[in-house]
Every structure is written in C-alpha cells, then in structure tokens.
Amino acid sequence: MADLTELVAQLKPALGRRSAYLDLADGLRTLIMDGRLVAGDRLPPQRTLADALELSRTTVVSSLTLLQAEGFLSSRQGSATTVCVPPERVDRPDEPAWLAKDEPPAIDLSIAVLPAPGQVSPAAHRAAERLPAILAGGGLHPLGLTELRNAVAARLSRLGVPTRADQIVITQGALHGWDLILRTFARPGSQVLVEQPSYPAAIDAIRAHYARPRPVAVTAEGWQWPQRLDRSADIAYMVPDFQNPTGHLADESERRRLVKRTRGMMLCVDETFAELGDGPVITPTAAYDKRVITIGTLSKLVWAGLRIGWVRGPREVVNRLAAARSSQDIAGPVLDQLLALELMDHLDEIGDGRRSLLRQRRAHTAAACRRAGWEVVEPSGGLFLWVDLKGASSTRLSHLVRARGVRVPPGTRFSTGGTHDRYLRVPFTSTPPVLSEAVRRIAEAADEADGKSRSATSPVWTI
Ligand SMILES: Cc1ncc(COP(=O)(O)O)c(C=O)c1O
C-alpha cells in the first residue's frame, strides 16, 4: 500500500491548477511516470484519499476512473486500486552503438567510460613478463588467479570489509558477475528487487534469465522504501554508491536499512562506482551483514577494456558461481588477470587521477545543464547526472538529437517499464568541450521540440 502521508505530500503541489479531478489525475500520472509509484502499488481506499486530500469523494472517483481508462490504474470489484503502466508506454529502446547505422556518432552519451590511464601500458608489459612463469600449468582457473584474489581481498579489507581470498571469484567485469549470480541462483519467474530507475543492462540480465524485476523507487535523495515492502522477491540488486543513473550515495544508516528491508532475500550490492566519490569510501554494505554478495570491477576506476571484476560472498556462494562457469566461459583469461594484478598496487594513484578529473567534468556539465534550464541534483561522485528536463520527453529528445550527431538513451531505458520519460542521463566522462557541445545540441533539440512535444498530460509541476 502506498504510504498515505507521503502520497498526500507528493500530490498536494499538483492541486489547484485546473479542475481538481484533472489535477489529481495529473499528479498521480506523474508519480507513476516518475517511478515514485511503481506497478503493483496499491492506492489507499478512495474515501481515505479524499479525506486526506480534502477533496470530495466524487472528485477522487472521477480522477481514478480517468486513470483507469488510460491504463494507469486497475481495480477489480471489491479489491484495492493498483498502479500499472499502460503497455504502449513500456518502451525501453536500446540500440548498441556498434550496431547503429550512423556510426560513429559525433558524441556518444550512451555509455559512461573513460580512456585508459597512463599506468595501463607499462603494467601490460610487466604482466607479459610474468606470463612464462605460469605457462606450464593448464591455465584454467574458474575462481581466478590466487594472487589476484588475494590482492582483491586485501583491498576490500582495507575499504572496511575483512575479506579472505576464498571469498572472491574473479569475473570478466561487474555485469558478468551479476549475470553469473542470476544464472546460478535465479529460476524462471524468480522476483528480483531492483531500483527504479536502474542500470539498463542489469534489468536486461534479469529478464534474460526469465526472472521478473520488482521495482523499488530511488531518487537522488535515496531509496523510497514503501512502508510495507512485499517481501516475495528472492534476490535484490542494489547500487548504493553513486547509483546508476540517479547518482545517489547511500549513507551508513541507509545501508543498514537496506540490509533490514531485504532480509530473507539474496542481497547483491554492485559497488562499480564505490571508489569514484569526492569523500572517503562509505563502509561497504557487506560490513553490516555476512549474507551480502558484493559485485566489484576495475572498469570504471581503471578501464572498461580490462574486463576484470569480482564477486565477494560466502565461500559456498563463490564456489557455486565458479562451478557455473563450466558451461559458460570456463574461466577468465590469465594474461588479463596478470595485468589486473599489476594494476592493483596502483589503484590509489589511478583513483586520485580519476576523481579529480571527474569532479571538474561533473561541475562543468552540471553548470551547462542548468544554463539549459534543466534541474540537476549534483551527486558527490560517480559518472553521470540524472537531469530533470522539466517536462520535456527524453524519448522524443533522444530521437531528435540523433540527427544532430548525439547518441543518448531516453530516461525510459533505465526503467523496468516505460517510466522516467522526463529524465535524461548525462555522463560526464567526455572532455569539457565535447560535453558543452553535447548539452548545446540537446538544448537546441529541446527548444525545437518545445510546444510540440509537451502534451496536455505532461507534468507541469515538480516534486
Ligand atoms: C551499476 C553498473 N554495474 C556494472 C556496470 C558494468 O561494469 P563492467 O564493465 O565491469 O561489467 C555498469 C556500467 O555502467 C554499471 O553502471
């Protein structure tokens, strides 16, 4: 059941604009399209809602009837009114950059990656020199090279979670780790609790294993846990550090709450961006509960081309993940792991470079977005801004800017079902001139669309 007090606080600003029933319908529609109310949420009874909003019951009934006709609500005789997203809105367009016809786009904002730092090339030479020493073996290490597992365990211990090497399996990046977890532990129909909005490929992976994402709303201010969370999910996938795409950084109390709210589920925490913040790393979630499975990677801190990540968890879990590789990739490439091992001693120095570069680019991009008239809650780290386009449709903008040589996915791509259309994720990994030019072109397209793209039902207020 959606929390009444919260719902009323979120709906009040929508009222008093046109007629009350249209205002209320606009307000509820916006909450659904912004992912604050998620599919399956139950609305309070009509009379309770009417009293709390100081509206007549007829007004509330008219609003709910309108939304039902539009497909945003459903209700069966005698049961509560529940939230849904109309099928025609469930659009998560994706076109991998390398498949697109207009390749290469002048500016690609569909991915958030940095070029390799200077330390990678010399480390590759040193790794090649180490290779002969292990060529005598068979070369298959499903859990990963022991020395690399030791190095990852030592780093995680330093960051606040005491870790042994036998709790680590080396993977080919964080996404591979998540996919292995799903492959091993999810069953067709399993429910996976996932932030809404979230990392699109993580949602795609859930679906690829015939599991079902169950969204929980997150904004730049944090997780919006419903008062009574349906605990039927088997697995939870959360990104507490500079969440993709909102940039939210969960503090210690939110992490404790996360552990509490997901009790009974396999809690998987993706720490892809954990070391990319302005301040010190916040105590990792695994420090609060032994059952937490942590997913990590060198992709963002060092370079996505390395394809080296890891999963940390109880030994039995890690062994099962490694065993699942026997019908998949068998084991990771040895030379790449040697390279990663060489880089492990340089992570502090590489991280310092990344953090200062990203801080400058973040400030630059946030200023450019604000000048364009958009609203930005600037995160204290990570790789992107989650920009509120103030009512414009990112789906429409995403199409329009393609003709201007900019590739950027619409906000709906980050949703489990067609919501968040008025948001755009803008990564600040490109150089400042490229970022300025990208924002300029998107703003120009927004101006062109203005007036044409804003339908009568677009939100006219922000919450
Ligand atoms: C939350 C999250 N996890 C994982 C990844 C992918 O990481 P990797 O390159 O290590 O597979 C990304 C990429 O953007 C991401 O945003």
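Here is a short chat about a predicted model with a bound ligand.

Student: Hi! How many strands are in the open sheet, and in what order?
Tutor: There are eight, ordered β4-β11-β10-β9-β8-β5-β6-β7, and the pairing is mixed.

Student: Which strands stand at the edges?
Tutor: β4 (168-171) and β7 (222-223) do. Each has a single partner strand, so one side of each has no neighbour in the sheet.

Student: And how do β6 and β7 pair, parallel or antiparallel?
Tutor: Antiparallel, over two bridges, with β6 covering residues 212-219. Within that pairing, T219 sits opposite G222 of β7.

Student: What does helix α7 touch on the sheet?
Tutor: Helix α7 (residues 174-185) packs against β4, β5, β8, β9, β10 and β11, and its direction makes about 150 degrees with that of β10. Helix α6 (residues 146-158) lies across β4 and β11, at about 115 degrees to β4.

Student: Switching to the ligand: how many residues surround it, and which are closest?
Tutor: 13 residues surround the ligand, and the closest are A174, N244, D270, T297 and S299.

Student: Which ligand atom does the N244 side chain approach?
Tutor: An oxygen atom, 2.8 Å from a polar side-chain atom of N244. K300 also has a polar side-chain atom 3.0 Å from a ligand oxygen. For T272, an N or O atom of the side chain lies 3.2 Å from a ligand nitrogen.

Student: Last topic: how many disulfides are there?
Tutor: Zero, from a search of the whole structure.

Student: Is C268 buried or exposed?
Tutor: C268 is buried, since its relative accessible area is 0%. C369 also counts as buried, at 0% relative accessibility.

Methods. Residues numbered from 1 in each chain as written. Predicted model: local features only at pLDDT ≥ 70, side-chain atom pairs only at ≥ 80, totals over all residues. Heavy atoms only, no water. Disulfide = S-S within 2.5 Å. Buried < 20%, exposed > 50% of the residue type's maximum accessible area, 1.4 Å probe, protein only. Pairing = 2+ DSSP bridges. Helix = DSSP H or I, 4+ residues; strand = E, 2+ residues; numbered from the N terminus. Contact = heavy atoms within 4.5 Å. Axes fitted to C-alpha atoms, helices over the stretch in contact; angles between N-to-C directions. Near = heavy atom within 4 Å. Polar contact = N/O pair within 3.5 Å; in protein donor to acceptor, adjacent residues only side chain to side chain.
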